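Open the model in a viewer and keep the selection tool at hand. The stops below go from single residues to the chain as a whole.

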Amino acid sequence: MAADLEEKTDRYGELLAEALEAATIAPPEGTPMAEAAADCYEMASSYLEDGNHFREQADLVNALASFSYGHAWLDAGARVGLFDVPREGHLFTVE
């Protein structure tokens, strides 16, 4: 079971890092929606940092939770149009 948790934690950490690289803010700069997108992006990025910290401490449960929460911020933002993201592939749940 520990090996499964370790693999899943690594996979979700990589997924979040890749998703952060792929996402760009969609609304025009200086608009309230662009500010909201920047906030969501910052939350996702912070969760990646937290997850990496927990991973380094061998706290796999909190690392996985952090990576999952971070990706949720990005994915939700993509679904409501805050981010331009790839429409195909495994990074986001948009069509």
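Select A58 first, in the loop between α2 (32-56) and α3 (60-79); helices here are DSSP runs of H or I with at least four residues, strands are E runs of at least two, and both are numbered from the N terminus. The model is predicted: local features need pLDDT of at least 70, side-chain atom pairs count only at pLDDT 80 or more, and totals for chains, interfaces and linings use all residues. Residues are numbered from 1 along each chain as its sequence is written, and side-chain values use heavy atoms, with hydrogens and water left out.

Is A58 buried or exposed? A58 is exposed, because its relative accessible area is 61% (buried means under 20%, exposed over 50%, partly exposed in between, with a 1.4 Å probe and protein chains only). Check the backbone as well: phi of A58 is near 65°, a positive value in a residue other than glycine. Now add G30 and draw a C-alpha to C-alpha distance: A58 and G30 are 41 Å apart in space and 28 residues apart in sequence.

Next, go to L60, which belongs to helix α3. L60 has a relative accessible area of 15%, so L60 is buried. Show its contacts, leaving aside neighbours within four places in sequence: L5, E6, T9 and R55 (contact means heavy atoms within 4.5 Å). For a distance label, pick K8: its C-alpha is 9.3 Å from that of L60, with the two positions 52 residues apart in sequence.

From L60, step across to E6 in helix α1 (residues 2-22). E6 counts as partly exposed because its relative accessibility is 37%. Which residues does E6 contact, once neighbours within four places in sequence are set aside? They are R55 and L60. R55 is thus a residue to keep displayed, since it is also on the contact list of L60. G51 gives another distance to label: E6 and G51 are 45 residues apart in sequence and 13 Å apart in space, C-alpha to C-alpha.

Return to helix α3 and select S66. At 6% relative accessibility, S66 counts as buried. With neighbours within four places in sequence left out, S66 touches L16, Y47, D50, G51 and F54. Select these partners together with S66 to see the contact set.

The last single-residue stop is G77, also found in helix α3. Why does G77 count as buried? G77 is buried because its relative accessibility is 2%. Beyond neighbours within four places in sequence, G77 is in contact with L82 and F83. The C-alpha atoms of G77 and A44 are 10 Å apart, and the two residues are 33 positions apart in sequence.

Now select residues 11-83, where an unreviewed UniProt entry places the feature "domain: DUF357". UniProt positions are given in the numbering used here, feature names are shortened, and annotations may be inferred rather than shown by experiment. The span is 78% helix and 4% strand, and its end C-alpha atoms lie 22 Å apart.

Finally, zoom out to the protein chain. Colour by secondary structure: three helices and two strands are present, in the order α-β-α-α-β from the N terminus. The C-alpha trace spans about 45 × 25 × 15 Å along its principal axes. The radius of gyration is 14 Å, which agrees with the value near 12 Å for a compact globule of 95 residues (taken over C-alpha atoms; the globule rule is 2.2 Å times the number of residues to the power 0.38).

Switch to a surface. The protein chain exposes about 5,900 Å², with carbon and sulfur atoms supplying 52% of it (Shrake-Rupley method, 1.4 Å probe; for residues, only the protein chains shown count as cover). Buried residues make up 33% of the 95 residues. Among contacts with a separation of 6 or more, 64% join residues 24 or more positions apart.
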